[in-house]
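Please open the structure in your viewer and keep the sequence beside it, since this tour moves from one selection to the next.

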Amino acid sequence: MTRDTSAIVRSQFGAAAADYATSEVHAKGESLARIVELAAPQTTWHVLDVATGAGHMAAAFAPHVASVVASDITAEMLTEAGKLAASRNLLNMTTAAAEAGSLPFADETFDLVCCRLAAHHFPSLERFVSEAERVLKKRGRFALVDNVAPDRELLPDASNEDLEDVLVAYNAFEKLRDPSHGFAPPPETWVHLLEQQNFSIVAREQFGKEIDFASWVSRMRCAPEVIAVLETTLSDGPPQLREFLAPRRDNDGALHFTLQELLLVADKAA
Ligand SMILES: C[S@@+](CC[C@H](N)C(=O)[O-])C[C@H]1O[C@@H](n2cnc3c(N)ncnc32)[C@H](O)[C@@H]1O
């Protein structure tokens with residue numbers, strides 16, 4: 001299914017671009033160093049970072065490779081990515097306007113296509129994977145980090161129907177906070193999409209990341225009534241959604257919950 005979300009994405013992220021430059025989750029998240037390790041970059045590689053946001057992932061790869069193109073559909077984000085490259089003197093990092101489902105690059109251009117914390121915004125995950133495959137050289141590498149919905153491993157007592165319900169409830173929770181959220185599937189869907197496009201999975205990891213509710217809603221400039229509904233969902237929402245998000249308050253009363261990040265590395269066939 002394809003949704004046209006590009007105007008909503010540009011408006012949401014254009015306004016929030018500077019916040020993403022400093023966001024702890026994006027600038028320092030655990031997944032950043034780990035995906036670089038798992039992708040094992042080589043000094044000869046040409047890399048494309050899709051939906052780079054403020055450029056954190058592109059900048060993490062740049063010191064290890066020949067070149068990195070940090071691409072996004074939001075102009076303000078490309079400005080932030082350019083500032084990050086300049087501040088770290090990353091002369092091999094450039095920026096480019098690009099939509100994930102229609103990448104403006106020739107076939108077999110890159111050794112690595114990476115994408116972190118963004119694919120859940122894309123109108124079609126299938127088109128994105130197909131475009132990544134097209135612009136990758138033979139035996140090129142794809143590295144993904146994204147939030148995922150729960151699967152049976154996380155909710156072992158859930159029936160198939162429960163899992164369907166919690167998939168819908170989790171995506172609705174995300175979309176309420178950020179109208180540009182598209183769809184975050186469970187991990188198996190990603191594996192399936194990649195295998196369908198002739199990729200072989202070479203690494204797969206997943207971990208829970210702690211989310212500070214107040215900064216999570218303020219980054220997306222949520223209205224007070226939206227914040228109230230999100231907070232009520234965490235306290236009184238569907239039980240399996242709460243089991244997945246594990247809301248809790250710290251000693252100062254601040255609300256936290258957990259999101260799941262999937263890390264996948266997959267190689268294109270020869
Ligand atoms: C959360 S930010 C990205 C975070 C960044 N990759 C990082 O690791 O810090 C999400 C980005 O996805 C971009 N985006 C959303 N939909 C897109 C699409 N269809 N094509 C390209 N970029 C898109 C937004 O403009 C935004 O900059």
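The stops below go from the ligand to the cavity and then to single residues.

Before selecting anything, note that this is a predicted model, in which local features need pLDDT of at least 70 and side-chain atom pairs count only at pLDDT 80 or more, while totals for chains, interfaces and linings use all residues. Residues are numbered from 1 along each chain as its sequence is written, and side-chain values use heavy atoms, with hydrogens and water left out.

**The ligand**

Select the ligand, which has 21 residues around it, the closest being Ala51, Asp72, Thr74, Glu99 and Arg116; a residue is near a molecule if one of its heavy atoms lies within 4 Å of it. Next, show Asp72, where a polar side-chain atom lies 2.5 Å from an oxygen atom of the ligand. Two contacts from the backbone can then be added: a backbone N or O atom of Ala51 is 2.9 Å from a nitrogen atom of the ligand, and a polar backbone atom of Arg116 is 2.7 Å from a nitrogen atom of the ligand.

Now select Thr52, in the loop between β1 (46–49) and α4; helices (H or I, at least four residues) and strands (E, at least two) are DSSP runs, numbered from the N terminus. Thr52 counts as buried because its relative accessibility is 7%, where buried means under 20% relative accessible area, exposed over 50% and partly exposed in between, with a 1.4 Å probe and protein chains only. Not counting residues up to four places away in sequence, Thr52 touches Ala58, Ala70, Ser71, Asp72, Leu78 and Ala81, contact meaning heavy atoms within 4.5 Å.

**The cavity**

How many cavities of 30 Å³ or more does a search of the whole structure find? The search finds one, with a volume of about 550 Å³. A cavity here is a set of points, on a 1 Å grid over the protein atoms alone, where a 1.4 Å probe fits but cannot get out, and lining residues have an atom within 4 Å of a point. Of the 40 residues in the lining, select Phe13, Arg116, Leu117, Ala118 and His121, which lie nearest the centre of the cavity. Among the elements that give two or more residues to this lining are α1 (6–22), α7 (160–177) and β6 (199–212), and α1 gives the largest share, four residues.

Stay with Leu117, which sits in the loop between β4 and α6 (125–135) and has a positive phi of about 55° although it is not a glycine. Leu117 is buried, because its relative accessible area is 10%.

**His181**

Move to His181, in the loop between α7 and α8 (187–196). Is His181 buried or exposed? His181 is buried, since its relative accessible area is 1%. The side chains of His181 and Asn171 are joined by a polar contact of 2.7 Å, that is, a pair of N or O atoms within 3.5 Å; within protein, one must be able to donate a hydrogen and the other to accept it, and residues adjacent in sequence count only if both atoms are side-chain atoms.

**Asn92**

For the last stop, select Asn92, in the loop between α5 (75–87) and β3 (93–97). The side chain of Asn92 reaches two backbone oxygens, that of Val65 at 3.0 Å and that of Ala66 at 3.5 Å.

Notes
1 Å grid on protein atoms, 1.4 Å probe; cavity = no way out; pocket = protein on both sides within 12 Å on 5 of 7 lines; lining within 4 Å. Points joined across faces, edges and corners; volume = space filled by probe spheres on them.
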